[in-house]
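I opened the model to look up how confident the prediction is, what its nonpolar cores hold and how a few strands pair. My notes follow in that order of need, with strand pairing taken up at the start.

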Amino acid sequence: MSSGAALRHVFLASLRRRMATALSLLAIALGVALGLAVHLIQGAALDEFGRGMRLVSGQADLQVLGPRAGFDEALYVRLAQHPDVAEASPVLEIEARLPGRDMTLRILGLDVFRAARVSPTLLPLVEDLPSQGDTRFAALREDALFLSSAARAALGDTLDVQAGLRIARLRVHGGLPGVGGGLWLAVMDIAAAQQLFGRIGQLSRVDVRLAAGVDPAHARVRLQALLPAGVSVVTPEAVASQSVELSRAYRVNLAMLAAIALLTGSFLVFSTQFLSVVRRRQELAFLRALGVERAALMRGLLAEGATIGTFGSVVGVGLAYALAAAALGLVGADLGAGYFSGLTPSIAFQPVATLLYVLLGVIAGMAGAAFPARAAARMAPARSLHAGGGDGMPGGTVRWRALLLILGMAGLASIAPPVSGVPVFGYVAIALLLGAAVLVLPGATRIATVALRRADGPLTMRLAQARLSAVPGQAVIAGAGVVASVALAVSMLVMVHSFRVSVDDWLAIMLPADLYVRASGAAGSGHFDAEAVARVAALPGVAQVEAVRFDTLRLSAGRFPMTLIARPLHAGARLPLVASDDWSNDGRPPAWLSEAAADLLGLTVGDEISLPLGGRAHAFVVAGIWRDYARQHGAVALELDTWRAMTGDQTVNDLALWLQPQARADSVAATLREHFGATLVEITTPGKLRQVTLAVFDRTFFVTWLMEAVAIVIGLFGIATTFAALSISRRKEFGMLRHLGMLPTQIGRVLGWEGALTALVGVAVGMCAGGAIALLLIHVINRQSFHWGMALHIPYSLLGGFVLLLVGLSVFAARWAGRRAMRVDAVLAVREDW
Amino acid sequence: MMKHLGWLLVLLACGAGGAAAVEPLPVFPSVVAGRGMTFPADTGAHPDYRTEWWYVTGWLKDDQGGERGFQVTFFRVRSGIGEGNASRFAPRQIMLAHAALADPATGRLLHGERTERAMAPLAGAAQDRTRAWVGDWSLALEDGAGHGRYRAQASSENFAFDLSLVAGAAPLLNGRAGYSQKAPDPLNASYYYSRPQLAVDGTLTLHGEARKVRGHAWLDHEWSSAIMPDGARGWDWIGINLHDGGSLMAFRMRDAQGAALWSGGTLREGGGDARRLEPGQVVMQPLRHWRSPRSGAEYPVGWKVDIDGRQFELRPLMDDQELDSRRSTGAIYWEGAVRLFEGEREIGQGYLEMTGYAGRLRM
């Protein structure tokens with residue numbers, strides 16, 4: 001027999017073990033599918049997002065942007081006359097509330113004559129001219145609205161929008177032929193928009209096309225000099241990338257979770273391959289005896305891993321595209337996280353990403369096969385040919401020095417700063433901790449079997465303990481996947497639980513009132529005026545009313561704008577403060593920064609911060625830092641009185657109502673609805689808001705849980721395949737036990753004990769690692785990604801249930817895998833000594 | 001003249017029919033006979049009226065003796081939209097401007113255009129005296145001394161001009177003391193005066209090369225609320241500076257069959273008084289046609305003109321002076337420099353406008 005034929009024989013035989021191979025393949029497929037699906041969905045969302053941004057900015061070289069609530073239109077006149085500027089196009093952007101519909105519509109108020117020369121894709125096409133009267137300038141009519149095709153299909157021909165506290169009926173007079181795809185957008189005349197939404201004299205943006213030969217970088221500097229504080233000149237590309245960057249940490253986190261699923265798949269390949277090497281050790285030794293080189297043997301075994309990886313990847317890619325399409329329909333492009341609302345992207349074939357993930361799958365397969373292949377190549381042929389040789393399992397010694405080194409590195413990685421907003425070293429620390437957990441596994445198994453040894457224990461248990469302490473490597477192979485998946489599941493459980501409890505506590509402080517009435521957000525079309533606030537205060541049952549004003553602050557041109565919240569703060573008592581200082585003797589007015597704002601600006605309590613309000617810079621003292629889970633880009637809170645004194649702005653977005661003791665929230669709510677019209681204001685109780693917030697929270701983690709579940713299933717596969725393979729290689733052992741009078745059920749119980757012990761050790765080690773990883777997630781990953789802190793809360797009962805479930809499933813997996821061993825003919829098994 | 005209506009076509013619109021106008025149109029003042037005119041106040045804008053234009057056409061000669069036609073026009077339109085809107089952007093008044101250069105070496109017109117809502121200081125039309133502007137394009141009566149000096153500035157991709165236009169005489173009132181009837185119904189009329197024989201001096205920049213130019217020009221200023229009669233398809237108009245110092249303005253409104261619905265004009269012979277031309281005194285007959293290779297429209301580029309018994313002939317500076325402004329105003333028409341002959345003697349130079357040859361004009 002030639003060595004080539006022999007190799008083929010051996011390796012074909014290995015692939016014939018369908019069950020184990022299929023499971024490894026599936027594990028890799030799932031890892032690839034999850035990773036690629038997340039990538040595809042986000043690629044689609046970002047594409048659509050970028051397209052929308054490009055479309056809206058048109059051919060503008062620069063954009064002049066201010067707070068969401070707008071800036072003085074006189075700036076536009078100044079810009080339009082500047083010699084650097086060829087064309088300036090003013091834009092008033094309104095996030096219009098649509099009463100009776102649970103959504104807003106983005107309306108751009110444009111000067112069509114100007115837009116024609118800067119962003120022609122936004123030009124409206126008039127389709128219905130009035131049959132009488134002046135038909136010219138039809139696009140300028142005050143009630144004329146033009147909708148993108150996607151918005152038009154859903155909204156129809158007339159549209160009610162909220163303006164302040166009344167409803168205005170707009171007519172759809174045509175479309176926006178330049179705005180294709182799924183983008184939701186509306187255009188109307190800028191004068192009509194200013195009038196309708198009570199924004200006379202204000203603009204949100206000026207798009208600028210520079211004169212020929214003017215250098216954009218120099219022009220930016222010259223134009224910026226014309227602008228008041230809080231209004232910046234930026235390139236459209238920078239605007240787009242600021243928004244994209246905001247979601248980057250979230251996207252990286254999802255990609256990391258997918259990578260972990262793939263890693264678990266790799267562990268499974270390791271288990272399968274190792275066992276298949278163990279099973280074939282005599283065949284492999286025979287091949288070596290026939291003269292097959294070590295390198296050739298190793299290549300063959302690596303090729304097996306690569307084959308599994310390749311097929312797994314191919315299946316995974318198919319799955320990924322199906323999954324991505326399904327997820328887009330089900331939870332939306334941002335996977336429930338709220339970054340890309342208003343987009344309806346579609347999944348496109350992404351060749352590079354697809355190839356990359358196929359490659360990752362192949363690498364995962366080969367990486368899993370590498371260690372077993374090396375072990376096989378190192379075997380001494382003569383010893384292995386002897387039938388009574390050991391299993392060739394990895395030893396039970398723990399390499400303490402390596403372990404300490406890894407833990408030390410993990411410690412160092414955990415204190416390293418993020419790399420451009422992504423906690424790269426945090427993830428490195430997690431990977432190192434996982435490695436350490438696998439390394440410690442044999443030692444832990446030995447300790448566990450010794451600790452659990454009881455002379456009066458059942459025979460089957462003692463047999464299982466004997467086996468495990470004799471061959472601790474078995475625990476490594478069966479348990480590696482379990483450790484990894486348990487560690488990750490536990491860490492996520494702890495982190496998410498901590499997060500959820502912290503969010504809940506945060507809500508309690510953020511929502512102290514009995515009832516909340518919202519007209520709309522900063523650039524929204526609904527708002528209260530002073531008279532409406534007074535009316536609310538006078539309603540029966542209302543004890544106290546506090547107003548809230550939202551806006552945005554553009555603290556620098558290069559940064560995504562921060563949220564500004566102006567409301568009565570009672571010297572900070574109304575904020576979930578994590579740090580504060582006595583500022584009462586400070587001459588400067590106080591501002592409270594959210595954790596994200598403090599992180600991003602590098603400020604702490606007592607520092608000075610300059611805030612551009614009403615077009616002028618004002619010096620504030622940082623009076624405190626508060627926890628904020630709602631605004632990852634940062635938020636600044638001010639006393640409402642300070643805001644009003646500095647800006648003269650009396651507009652109110654939200655009202656917080658405290659009720660008189662005997663008043664009932666629902667009856668006051670009913671009065672309010674009667675007063676303002678049922679569709680014009682949203683009235684909620686803190687309870688309802690809490691419910692909605694937590695629902696959003698849970699939805700955000702839906703994908704996370706999905707991935708965790710996959711990781712755990714893959715881990716269980718590990719136990720099942722290990723025991724399935726071992727039960728075959730241990731046929732002689734079981735045959736001997738049968739000869740000694742053991743019943744098949746008792747052998748099954750031995751296997752069950754082994755499974756339980758293996759799982760218990762795996763779970764225990766996994767939990768320790770998971771606890772450590774949870775701390776990394778809370779204090780490093782979340783802090784660096786999203787800039788928010790949280791308090792540690794451990795979900796004991798949830799974790800307990802999880803452990804029980806996992807150990808139970810492991811027993812089941814081990815017994816089910818060992819079923820064949822129980823059925824084996826005892827006589828035949830013992831005789832099979834060749 | 002009413003040629004200017006060509007500009008005022010449906011803006012940014014396609015198709016017709018559909019919903020009724022929801023905004024009630026404002027009441028535009030009617031044009032009635034006997035109002036008279038006061039200067040310089042009436043050289044300014046009359047924003048209550050629906051449409052108004054200042055229309056400059058003329059001939060330029062450079063140092064090398066090269067002759068070119070030029071035209072620059074500012075329109076003001078009261079849109080009827082946003083009358084009650086406090087926004088500075090309220091589009092109550094729209095300013096449109098067009099400029100064109102007839103350069104025989106190019107063989108066809110070079111042109112540029114601007115449209116803006118009136119919003120000081122970016123675009124608008126002053127009321128006290130002529131000053132109409134859109135961005136850096138402007139036409140202004142700068143000097144009220146003597147009979148007045150205008151300055152016209154316009155620039156586009158291929159050309160730019162900055163011209164001084166000096167009037168040698170008082171404004172010439174068309175029709176009856178400035179009341180110019182356009183159709184059998186006396187409601188179809190405008191207030192209309194002309195400034196013929198403006199002496200031109202300035203700079204013309206063509207393809208980046210600046211040159212001194214001199215010449216003569218014609219300014220029309222006309223405002224109205226209801227000018228175009230039903231059933232009209234288009235019109236033909238001329239404004240000619242006569243070499244003897246006089247001027248000739250004549251027009252005819254055509255129906256769908258090409259027959260004249262109405263015609264009229266003003267003739268001032270050198271040194272004499274202006275004479276109003278009644279419908280029967282203006283007869284225009286096509287002599288020679290030219291077909292546009294772009295639009296396929298056929299224009300009568302040579303004309304026999306009978307003014308109160310005197311026979312004239314119009315010959316174009318070049319045949320192709322078709323202007324395609326479908327992308328902005330929707331109209332295709334012919335607007336070009338012409339010479340006026342009596343027998344074989346050139347007796348004047350001016351401009352000819354022909355609308356409604358490439359499909360009916362829509363208003």
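I count two strands as paired if DSSP finds at least two bridges between them, and I take strands (E, at least two residues) as DSSP runs numbered from the N terminus. This is a predicted model, in which local features need pLDDT of at least 70 and side-chain atom pairs count only at pLDDT 80 or more, while totals for chains, interfaces and linings use all residues. Residues are numbered from 1 along each chain as its sequence is written, and chains are lettered from A and ligands numbered from 1 in the order in which they are written.

I looked up strand 16 of chain B (residues 260–268), where 8 of the 9 residues are buried, that is, have 20 or more other C-beta atoms, placed from the backbone, within 10 Å of their own. I found strand 15 (residues 247–255) of chain B running antiparallel to strand 16 with 8 bridges, Phe251(B) being partnered with Gly264(B). The hairpin of these two strands has 4 residues between them, and Gly258(B) in the turn has a positive phi of about 95°.

On strand 17 (residues 274–277) of chain B, I noted 4 bridges to strand 16, again antiparallel, with Ala274(B) as the bridge partner of Arg268(B). Here 5 residues lie between the strands of the hairpin, and Gly271(B) in the turn has a positive phi of about 80°.

I then checked confidence: chain A averages a pLDDT (the predictor's confidence in each residue, from 0 to 100) of 81, and 87% of its residues score at least 70.

Methods: A residue is buried if 20 or more other C-beta atoms lie within 10 Å of its own, exposed if 12 or fewer, and partly exposed in between; C-beta atoms are placed from the backbone.
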